[in-house]
Amino acid sequence: MPQWIQVLLSTPDRPLSPLGRYTQWNGFLYLALGFVIYAWPGVMGLVGAAPLVGQEPALYRLIGFAIAIIGWLYVFGGRANRESFGLATFVDRILVPLFIVPLVVAGQVDPMLVLPVAILDPILGIGAFVIWKRQSSQAA
């Protein structure tokens, strides 16, 4: 097995912190969601999104692929066990509604497609912040 794969799959040097575990499990969630959207673009219809027409299934597959890549990075960011990475996920997730909601208000995107993300992402980000806060106060 090539060395880079061995390093990639090696276990972390120390047990994961609560924030590291949370970030890693969020990554698994994103990986699963991304793969489902990639494999079955019509799944978004289950949450009320409009039926897909034309080349929209391909666009949804691209979105699913991007979500899976984000999940991959979260999994390995969590395995890195760095508070800075966990807090970076808090910041990026808090920004999500600032970019999505204006698109909904302008009528440029189907609300049922993006509002679940605009709600879930900040909640998961706040979860990361709460875990970090609790973890840092226990260490002090």
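**A first look at an all-helix model**

Let's start in the middle: the largest nonpolar core holds 20 residues, and Ile37, Met44, Tyr60 and Ile100 are the ones that touch the most other members. Keep in mind that this is a predicted model. The protein has five helices and zero strands, so read from the N terminus its elements simply go α-α-α-α-α.

**The core**

- Four helices, α2, α3, α4 and α5 (111–139), each give two or more residues to this core.
- The biggest giver is α5, which puts in seven residues.
- Met44, one of the well-connected members, touches Ile37, Ala49, Tyr60 and Leu113, leaving aside residues up to four places away in sequence.

**Where α2 meets α4**

- Helix α2 covers residues 18–39 and helix α4 covers residues 83–105; the two pack at an angle of about 50°, and their axes are 9 Å apart.
- That angle is neither under 35 degrees nor in the 65 to 115 range, and α2 and α4 are therefore oblique to each other.
- As for handedness, α2 passes α4 in a left-handed crossing.
- On the α2 side, the residues in this contact are Leu19, Tyr22, Thr23, Asn26 and Tyr30. Across from them, α4 offers Glu83, Phe85, Gly86, Leu87, Thr89 and Arg93.
- Sorted by class, the α2 and α4 contact has five nonpolar, four polar and two charged residues.

**Where α3 meets α4**

- Helix α3 runs over residues 56–80, and its axis comes within 9 Å of the α4 axis, with the two crossing at roughly 145°.
- Here Leu73, Tyr74, Gly77 and Gly78 from α3 meet Phe85, Thr89, Asp92 and Arg93 from α4.
- The class split for this contact is three nonpolar, three polar and two charged.
- Phe85, Thr89 and Arg93 of α4 turn up in the contact with α2 and again in the contact with α3.

**A closer look at Ser84**

- You'll find Ser84 in helix α4.
- Ser84 has a relative accessible area of 49%, so it counts as partly exposed; the cut-off for exposed is over 50%.
- Ser84 and Trp132 are 48 residues apart in sequence, yet their C-alpha atoms are 9.9 Å apart in space.

**The whole protein**

- The C-alpha atoms fill a box of roughly 50 × 40 × 20 Å along the principal axes.
- The protein has 140 residues, and 33% of them are buried.
- Among contacts with a separation of 6 or more, 75% join residues 24 or more positions apart.

Terms used: Residues numbered from 1 in each chain as written. Predicted model: local features only at pLDDT ≥ 70, side-chain atom pairs only at ≥ 80, totals over all residues. Heavy atoms only, no water. Axes fitted to C-alpha atoms, helices over the stretch in contact; angles between N-to-C directions. Parallel < 35°, antiparallel > 145°, perpendicular 65-115°, else oblique. Left-handed = near helix turned anticlockwise from the far one by under 90°. Contact = heavy atoms within 4.5 Å. Nonpolar A, V, L, I, M, F, W, Y, C, P; charged D, E, K, R; others polar. Core = buried A, V, L, I, M, F, W, Y, C linked by side-chain atoms within 4.5 Å. Buried < 20%, exposed > 50% of the residue type's maximum accessible area, 1.4 Å probe, protein only.
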